[in-house]
Amino acid sequence: MLISRYGRAWRGAVLAAGLVALAGCSMFSSDDDRYAPAPLTEYAPGMSVRAVWSTSIGSGSGLGFVPAVVGDNVYAATPDGSVAKLELASGRVVWKASADTKLSAGVGSDGTTTVVASPLGQIIAFDDAGKVKWKAQATSDVSIAPVVGYGAVVVRSGDYRIQAFNIETGERLWSLQRPGPALALRSSAQMIMAEGLVITGLPGGKLLAINVGSGNVQWEGTVATPSGASDLERLTDVVGAPRVVGPLLCAVAYQGRIVCFDVTQGGRPIWAKDFSSSSGMVLDGRFAYAPDQTSVVNAFALDSGTNVWKQAALKNRALTAPAVLGSAVAVGDLDGYVHFLSSSDGSLLARLSVGGDAIVSPLQTTSQGVLVQNGDGNLVLIGTN
């Protein structure tokens with residue numbers, strides 16, 4: 001978890017403020033065993049997993065890097081500027097390109113246009129032959145993967161603006177800004193597109209549904225309400241990707257709640273539980289799964305919000321947002337392991353090392369297995385035997 005400040009008045013004090021904030025956050029203390037990562041324990045294997053393929057696409061990883069799966073292909077990028085398209089089933093590289101600059105976020109793709117972003121807010125679009133299609137400029141740094149669809153590329157920048165660009169030309173279509181807090185969480189946040197809407201969380205705990213064509217806000221919900229005397233105490237943000245299943249739109253926040261809204265009833269919340277996550281959540285037909293900020297994995301019943309089970313065996317292992325694989329839930333950790341838990345009771349089922357030190361990119365559920373982008377810039381597809 002990283003904390004950053006935005007705004008012209010803060011610019012000269014960014015580094016000092018970030019260090020002070022981190023120093024005051026006890027989870028970063030190395031001399032307190034309460035915050036030490038739980039050691040890996042023995043367990044009775046309940047499933048068998050393997051790496052189906054592993055392919056290097058570039059170098060490094062980061063919170064803003066999320067592979068995009070479109071049909072039978074995977075699009076991915078790394079901080080060194082590498083962008084690639086691979087076959088999902090085999091890991092074969094279809095094309096590989098360079099953005100000719102360092103990258104801070106990627107990728108968004110609709111299978112025709114693939115988009116990445118640089119630390120200075122440059123938006124770079126590639127066609128499906130790996131050639132640069134256009135470049136555009138966002139109003140600020142971009143650390144969240146763009147989303148692509150409905151004729152637009154949408155980005156969220158560090159000055160709390162959501163901006164849309166024409167998918168063919170890069171011309172700016174609209175820009176929406178909401179006021180933001182002095183402190184913001186650097187987390188693995190994601191936007192999604194659904195039914196002509198882009199759905200995004202914002203620092204401060206709001207969830208917005210925005211018309212992709214016009215930029216008009218169609219709905220706004222509250223996932224968290226800042227509280228406390230200091231900026232650090234009031235720090236809250238929607239983390240991970242908002243999730244949709246059936247009529248439900250669900251989201252989770254750091255220092256906030258996990259909540260599900262019913263989109264057929266005007267986005268009315270049907271349940272909400274006080275909860276804090278720094279990585280995100282995933283849904284299946286029964287439960288919502290999320291690690292809390294100490295990496296205790298929780299399952300909540302989708303119909304009621306009842307906390308069905310908790311698994312603390314991976315506590316403080318800096319777990320990623322989870323992915324579902326059949327009857328298992330997968331999470332990555334700070335040592336490059338992917339752990340598989342029973343979706344019914346949270347028991348440990350399997351473990352596989354994908355290397356590359358810490359996994360920070362959220363795991364992706366695909367038709368072929370769970371897709372992992374590790375800390376070395378490799379993509380790994382994990383399947384069952």
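Here are some questions and answers about a predicted model.

Reader: How many salt bridges does the model have?

Author: Happy to start there! A salt bridge needs a side-chain nitrogen of Lys or Arg within 4 Å of a carboxyl oxygen of Asp or Glu. By this rule, the count of salt bridges is eight.

Reader: Which residue forms a salt bridge with Lys-85, and which parts does the pair tie together?

Author: Lys-85 lies in strand 5 (residues 82–87), while its partner sits in the loop between strand 9 (122–126) and strand 10 (132–137), so the pair ties together parts that are 43 residues apart in sequence. The closest N and O atoms of the pair are 2.8 Å apart, and the partner of Lys-85 is Asp-128.

Reader: Is Lys-85 buried or partly exposed?

Author: The cut-off helps here: buried means under 20% relative accessible area. Asp-128, on the other side of the bridge, has 30% and is partly exposed. Lys-85 has a relative accessibility of 9%, so Lys-85 counts as buried.

Reader: What is the distance between the closest N and O atoms of Arg-92 and Glu-87?

Author: Arg-92 is partly exposed at 45% relative accessibility, and Glu-87 is partly exposed at 29%. These two residues form a salt bridge, and their closest N and O atoms are apart by 2.9 Å.

Reader: Which residues are joined with Glu-220 into one network of salt bridges?

Author: Let's begin with one pair: Glu-220 forms a salt bridge with Lys-206, with the closest N and O atoms 3.9 Å apart. Glu-220 lies in strand 19 (residues 217–222) and Lys-206 in strand 18 (residues 206–211), so the pair ties together parts that are 14 residues apart in sequence. Salt bridges that share partners make one network, in which Glu-220 is joined with Lys-206 and Arg-178.

Reader: How do strand 18 and strand 19 pair, and which residue in the turn has a positive phi?

Author: The two strands pair in the antiparallel sense over five bridges. One of the bridges links Ile-210 to Val-217 in strand 19. The strands form a hairpin with five residues between them, and the turn residue with a positive phi, about 85 degrees, is Gly-215.

Reader: How many residues lie between strand 17 and strand 18 in their hairpin?

Author: Strand 17 (residues 197–202) pairs with strand 18 in the antiparallel sense over six bridges. Among them, Leu-202 has Lys-206 in strand 18 as its bridge partner. In the turn, Gly-204 has a positive phi of about 105 degrees, and the number of residues between the two strands is three.

Reader: Which strands stand at the edges of the open sheet of four strands?

Author: The order in this sheet is 11-12-13-14, with antiparallel pairing. A strand at the edge has a single partner strand, so one side of it is left without a neighbour in the sheet. The edge strands are strand 11 (147–149) and strand 14 (172–177).

Reader: Which side chain makes a polar contact with the side chain of Gln-163?

Author: Gln-163 lies in strand 13 (residues 161–166), and at 0% relative accessibility it counts as buried. Leaving aside neighbours within four places in sequence, the residues in contact with Gln-163 include Val-154, Trp-174 and Ser-175. Its side chain also reaches the backbone nitrogen of Thr-139 at 3.2 Å. The side-chain partner in the polar contact, at 3.4 Å, is Arg-172.

Key:
Residues numbered from 1 in each chain as written. Predicted model: local features only at pLDDT ≥ 70, side-chain atom pairs only at ≥ 80, totals over all residues. Heavy atoms only, no water. Buried < 20%, exposed > 50% of the residue type's maximum accessible area, 1.4 Å probe, protein only. Polar contact = N/O pair within 3.5 Å; in protein donor to acceptor, adjacent residues only side chain to side chain. Contact = heavy atoms within 4.5 Å. Pairing = 2+ DSSP bridges.
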